[in-house]
Amino acid sequence: MAGLGGARLLRVELITARLALRPASPEHVDLHVELDSDPEVMRFISGGRASTREEIEQIVREVRGTRWTATLLDSEVFAGWFSLRSSGPGEFELGYRLRRAMWGRGLATEGTGALVDHTFTAHDAARVWAQTMTVNARSRAVMERCGLHYVRTFHYDWPDVIEGGDEGDVEYELVRDDWLALRNRW
């Protein structure tokens, strides 16, 4: 299944110890708008600027098949979203965004770990990667806990000026052989 287009990636619901990850759909737009309305959630994405409803609607249409909406398994409370996009043959990019009330509970690591495992088993991936701002220590820690390793620091001319942006962005990756050594971790 390597190299599948985004529209075919998410045919399954993923269940972890505490999360239910279901394919994002238009019915989730209000939840995603609320999530992107929190300046702290958006701090390392847009410098705190909220996404508009129109932007979210467009994103949900465009990422259909590449994003899961996450809820707490025991209560169905919205936790955030996780994404997995094909970025080339055998390569997939991870992403996630959680409500601030969900921070510090290990949910980002749990959901990301589930996606990593799903990517290598269901899609025969050769490489999974993710990027964040250099100063986003929490996101970097999630990547590291999920077995991804630092690859590089780079500077890109992003449209939004964000505090700490002058330090650049970082890329992390996990390749199949390293994943095989870690696969029982989560």
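A charge is said to sit over a ring if NZ of Lys or CZ of Arg is within 6 Å of the ring centre and within 35 degrees of the ring normal. The exercises below apply this and similar ideas to a predicted model.

**Exercise 1.** Find which arginine lies over the face of phenylalanine 154, and at what distance from the ring centre.

*Solution.* The residue over the face of phenylalanine 154 is arginine 152, and its distance from the ring centre is 4.3 Å. A further case is arginine 67, which lies over the face of tryptophan 81 at 3.5 Å from the ring centre.

**Exercise 2.** Decide whether the rings of phenylalanine 120 and tryptophan 179 are stacked or edge-to-face.

*Solution.* The structure holds three aromatic pairs. For the rings of phenylalanine 120 and tryptophan 179, the centres are 5.0 Å apart and the planes stand at 20 degrees, so this pair is stacked. The pair links distant parts of the chain, since phenylalanine 120 belongs to helix H4 and tryptophan 179 to helix H6, 59 residues apart. As a last step, consider accessibility, where the cut-off for buried is under 20%: phenylalanine 120 has a relative accessible area of 2% and is therefore buried, and tryptophan 179, at 1%, counts as buried.

**Exercise 3.** Work out which element gives the largest share of the largest nonpolar core.

*Solution.* The largest nonpolar core has 29 residues, and Leu19, Leu94, Val116 and Leu148 have the most contacts inside it. The elements that give two or more residues to this core include strand E2, strand E5 and helix H5. The largest share, five residues, comes from H4. Apart from this core lies another, of five residues, among them Leu35 and Phe78.

Conventions:
Residues are numbered from 1 along each chain as its sequence is written. This is a predicted model: local features need pLDDT of at least 70, side-chain atom pairs count only at pLDDT 80 or more; totals for chains, interfaces and linings use all residues. Side-chain values use heavy atoms; hydrogens and water are left out. Rings of Phe, Tyr and Trp (its six-membered ring) pair if their centres lie within 6.5 Å; planes under 30 degrees apart count as stacked, over 60 as edge-to-face and the rest as tilted. Helices (H or I, at least four residues) and strands (E, at least two) are DSSP runs, numbered from the N terminus. Buried means under 20% relative accessible area, exposed over 50%, partly exposed in between (1.4 Å probe, protein chains only). A nonpolar core is a set of buried Ala, Val, Leu, Ile, Met, Phe, Trp, Tyr and Cys residues joined through side-chain atoms within 4.5 Å.
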